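Got your viewer open? Load the model, switch to cartoon view, and follow along.

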Amino acid sequence: MDDLIITGDDEEEIHQTKENLSIRFQMKELRQLKHFLGLEVDRTQEGIFQCQHKYAKDLLQKFGMLECKPISTPMEPNVKLCTYEGKDVEDATMYQQLVGSLIYLTLTRPDISYAVGVMSRYMQNPKKSHLDAVRRILRYVKSTIDYGHLYKKGEDCKLIGYCDADYAGDHDTRRSTTGYVFKLGSGTISWCSKRQPTVSFSTTEAEYRAAAMAAQEITWLTQLMNDLHQLVDYSVSLYYDNQSAVHLAENPAFHARTKHVEIHYHFIREKVLQEEIEMRHINTDDQVADLFTKGLSTGKFKKFRRQLNVVQRL
């Protein structure tokens with residue numbers, strides 16, 4: 001193909017073409033976002049309130065739970081659920097649809113993330129006990145149907161995180177559950193409740209695996225904020241309630257007694273030494289990430305829910 005040579009006249013013509021295309025495809029000014037794929041957004045004097053009220057109501061109606069008796073927590077504390085115990089559910093497809101619908105509701109409801117995550121483990125062969133537990137989540141949704149996520153305005157938007165693990169909490173595999181949550185000011189922007197991929201030999205190992213996973217999320221969030229010109233030029237505080245895990249991350253000589261911890265989980269120590277992350281101890285009673293690792297008592301659950309800024313629509 002012959003080389004393309006652009007003359008002065010050609011440049012003028014190209015410039016004019018760009019202007020014409022710009023005018024032709026110019027987007028009209030959009031109004032403020034109010035509804036998007038089941039999400040509802042309201043702007044209040046306090047800030048931005050995000051919820052899925054209509055979606056939740058339709059969900060309750062679809063599965064015959066609109067008139068159900070409300071309950072104060074999505075999961076009973078210390079509940080023991082197993083894969084093979086109990087009678088099979090007659091309609092496994094209904095169970096799968098129900099859990100799938102609840103997963104979408106977690107977009108604005110981090111308070112149900114742990115309970116929904118646990119119930120999603122039994123999608124292949126659900127039992128009656130699993131269906132009863134899912135119906136409890138729906139009863140909780142009924143009691144909090146007007147709740148959503150509030151992002152307050154005018155706050156210092158500094159990134160902080162909380163991380164925890166429930167050691168050997170899964171009764172089928174004895175794997176631990178990682179839970180973490182990140183906030184900008186008081187607004188919750190990222191959270192996770194996930195069963196760990198392998199069995200841990202100690203509480204410290206389980207906690208350290210969880211911290212490593214949270215450290216990866218910090219790296220991603222930091223890069224995202226930098227791309228948005230919100231520079232993270234400080235050490236991100238990661239709050240932990242396990243002193244051993246904090247010492248393990250901070251002390252480069254401490255690993256000699258923990259060689260069974262896989263090498264890639266030492267990623268967090270590098271981040272601490274590079275001062276990108278600061279591991280900070282927090283009292284267990286104030287560890288909001290607990291909400292993503294286990295069923296809690298009503299009092300503690302409501303306390304942590306408030307800390308996540310999951311509140312009732314005003």
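In what order do the five strands of the open sheet run? Colour the strands separately and read across: β7-β6-β5-β8-β9, with mixed pairing. Keep in mind that this is a predicted model.

Now select the two edges, β7 (187-195) and β9 (277-281), each of which pairs on one side only. Look along the sheet, too: its neighbouring strands are turned by 20° against each other on average, ignoring direction.

Next, zoom in on β7 and its partner β6 (residues 177-184). The two pair in the antiparallel sense, over eight bridges. Show Gly179 as sticks, and opposite it you'll find Ser193 in β7.

With the sheet still on screen, add helix α6, residues 203-227. This helix packs on the sheet and touches β5 (159-166), β6, β7, β8 (236-240) and β9. Compare directions and you get about 155° between α6 and β5.

Time to leave the sheet for a helix pair. Select α2 (residues 53-62) and α5 (residues 128-143), which pack with their axes 10 Å apart and at an angle of about 135°. That angle makes α2 oblique to α5. As for handedness, the crossing of these two helices is left-handed.

Which residues of α2 and α5 meet here? Turn on side chains for Ala56, Leu59 and Leu60 in α2, then for Leu138, Val141 and Lys142 in α5. Colour this contact by class and you'll see five nonpolar residues, one charged residue and no polar ones.

Methods
Residues numbered from 1 in each chain as written. Predicted model: local features only at pLDDT ≥ 70, side-chain atom pairs only at ≥ 80, totals over all residues. Heavy atoms only, no water. Axes fitted to C-alpha atoms, helices over the stretch in contact; angles between N-to-C directions. Helix = DSSP H or I, 4+ residues; strand = E, 2+ residues; numbered from the N terminus. Parallel < 35°, antiparallel > 145°, perpendicular 65-115°, else oblique. Left-handed = near helix turned anticlockwise from the far one by under 90°. Contact = heavy atoms within 4.5 Å. Nonpolar A, V, L, I, M, F, W, Y, C, P; charged D, E, K, R; others polar. Pairing = 2+ DSSP bridges.
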